[in-house]
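Trainee: Could you take me through one part of this model closely, namely how its helices pack side by side, and then set that part in its surroundings?

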Amino acid sequence: MMGLLRTMMPHKVQLLAVLAFGLVLLFMENQIQRIEESREVLERTMARHEGAELEPRKGGAGGQVTPSLSEADDVVVIYNRVPKTGSTSFTNIAYDLCGRNGFHVLHINTSKNNPVLSLQDQVRFVHNVTSWSEMKPAFYHGHVVYLDFSKYGAEGKPTYVNVVRDPVERLVSYYYFLRFGDDYRPGLRRRKQGDKKTFDECVASGGPDCAAEKLWLQIPFFCGHHSECWTVGSRWALETAKANLVRQYLLVGLTEELEDFVMILEAVLPRFFRGATQLYRTGKKSHLRKTSEKKPLAPETLSRLRQSEVWKMENEFYLFAQDHFHFVRDHAVREKDGVVSILSQSFFYEKIYPKLPPGGAVAPLDEAAATH
């Protein structure tokens, strides 16, 4: 019958009928796709709600929810700052935010600026940090090498952060800082004040303040309180420092990219660093400390330093830290039209079974999940 109708219909009418049928199919496919997309959105919304229902409340009969690392009131952050890596600029941000965000900042001042603590002071420090409840949440900072809290049987471990710098740039900055100071406290007399010898001249004459061995600092700061950490040129110290950097530190930034470091910390530790990025960009203290009278290096000076095994190892550690920080950053931020911003939450839970009966325990979603 249909064949007979087609033979009886004019050719143009047949074409119009086929076209109309095709448009109807396209419309139906589009509607089906929209229904599928709506269903997926609904499933994701329900999954997040069900995920919250399935998350049990912690804290026993009191019904207290254990807060996350990002918002907990008992979190302790330790910034065992390496000298001349931009540490004053960063700690000034913490001091500016502590009143607003409700945490304490404590400077670890060691005798004679010795970064290695005696065994008895290690025990005291661990006890103070873990037991001093009145000071929590707390941000400790000071020129102290890494300390493994688990070695002392401590129940709670602090969250470590740090910043590293190109090893030659760090040493040159420290060399001139000892002679000319900086713009932070310009009137303070420094240990080598009056010595006008440039870093180039120091290297050419074989002076002790610019020797390649002086580069050996960032590795022991991350390695810790082991004698081998301070053996200049120790491969074991280098590998231990690398392992500690990725396993024991929440985040290690770069002096040359300090703003990105601050931005990521604000995202993962808002309890401390909420508002830090804006403060860094606009605050008067963010770039406060700059070494005075620092002169650029001659190519032959740089070449001579780079021939040493110590530079090769310290540079290997720096490049390792750089690669790791860039990996973290590339998975945490996005750049669009020259503007860098933190990525929103990119995971969710779905197909969660078995479902809880009505009245089951419900835990609140974190801020990121609630606004995703």
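**Helix packing, seen closely**

Mentor: In this predicted model, helices H3 and H9 are roughly parallel to each other, because their crossing angle falls under 35 degrees. The axes of H3, which covers residues 87-101, and of H9, which covers residues 258-268, come within 11 Å and cross at roughly 30°, and the crossing of H3 and H9 is right-handed. On the H3 side the contact is made by Ser89, Phe90 and Ile93, which meet Leu258, Phe261, Val262 and Leu265 of H9. Sorted by class, the residues of this contact between H3 and H9 are six nonpolar and one polar, with no charged residue.

A second pair can be read in the same way. Helix H8, residues 235-248, and helix H13, residues 309-330, have axes that come within 10 Å and cross at roughly 15°, and H8 and H13 are therefore roughly parallel to each other as well. The crossing of H8 and H13 is right-handed. H8 contributes Arg235, Leu238, Glu239, Ala241, Lys242, Leu245 and Val246 to the contact, while H13 contributes Met313, Glu316, Phe317, Phe320, Ala321 and His324. The contact of H8 with H13 divides into eight nonpolar, one polar and four charged residues, whereas that of H3 with H9 has no charged residues.

Turning from the helix pairs to enclosed space, the count comes to one cavity of 30 Å³ or more, and about 40 Å³ of space lies in the largest cavity. Its lining is formed by Ile78, Tyr79, Asn80, Ile108, Phe125, Gly142, Val144, Val145, Leu147 and Tyr160, a set that divides into eight nonpolar and two polar residues with no charged one.

The loops hold some backbone details that deserve a careful look. Pro137 is placed in the loop between helix H4, residues 119-131, and strand E3, residues 138-141, and the peptide bond that leads from Lys136 to Pro137 is cis, with omega near -10°. Pro354 is placed in the loop between strand E7, residues 339-342, and helix H14, residues 367-370, and the peptide bond from Tyr353 to Pro354 is likewise cis, with omega near -10°. Lys112, in the loop between strand E2, residues 104-107, and H4, has a phi near 55°, which is a positive value in a residue other than glycine.

Key: Residues numbered from 1 in each chain as written. Predicted model: local features only at pLDDT ≥ 70, side-chain atom pairs only at ≥ 80, totals over all residues. Heavy atoms only, no water. Axes fitted to C-alpha atoms, helices over the stretch in contact; angles between N-to-C directions. Helix = DSSP H or I, 4+ residues; strand = E, 2+ residues; numbered from the N terminus. Parallel < 35°, antiparallel > 145°, perpendicular 65-115°, else oblique. Left-handed = near helix turned anticlockwise from the far one by under 90°. Contact = heavy atoms within 4.5 Å. Nonpolar A, V, L, I, M, F, W, Y, C, P; charged D, E, K, R; others polar. 1 Å grid on protein atoms, 1.4 Å probe; cavity = no way out; pocket = protein on both sides within 12 Å on 5 of 7 lines; lining within 4 Å. Points joined across faces, edges and corners; volume = space filled by probe spheres on them.
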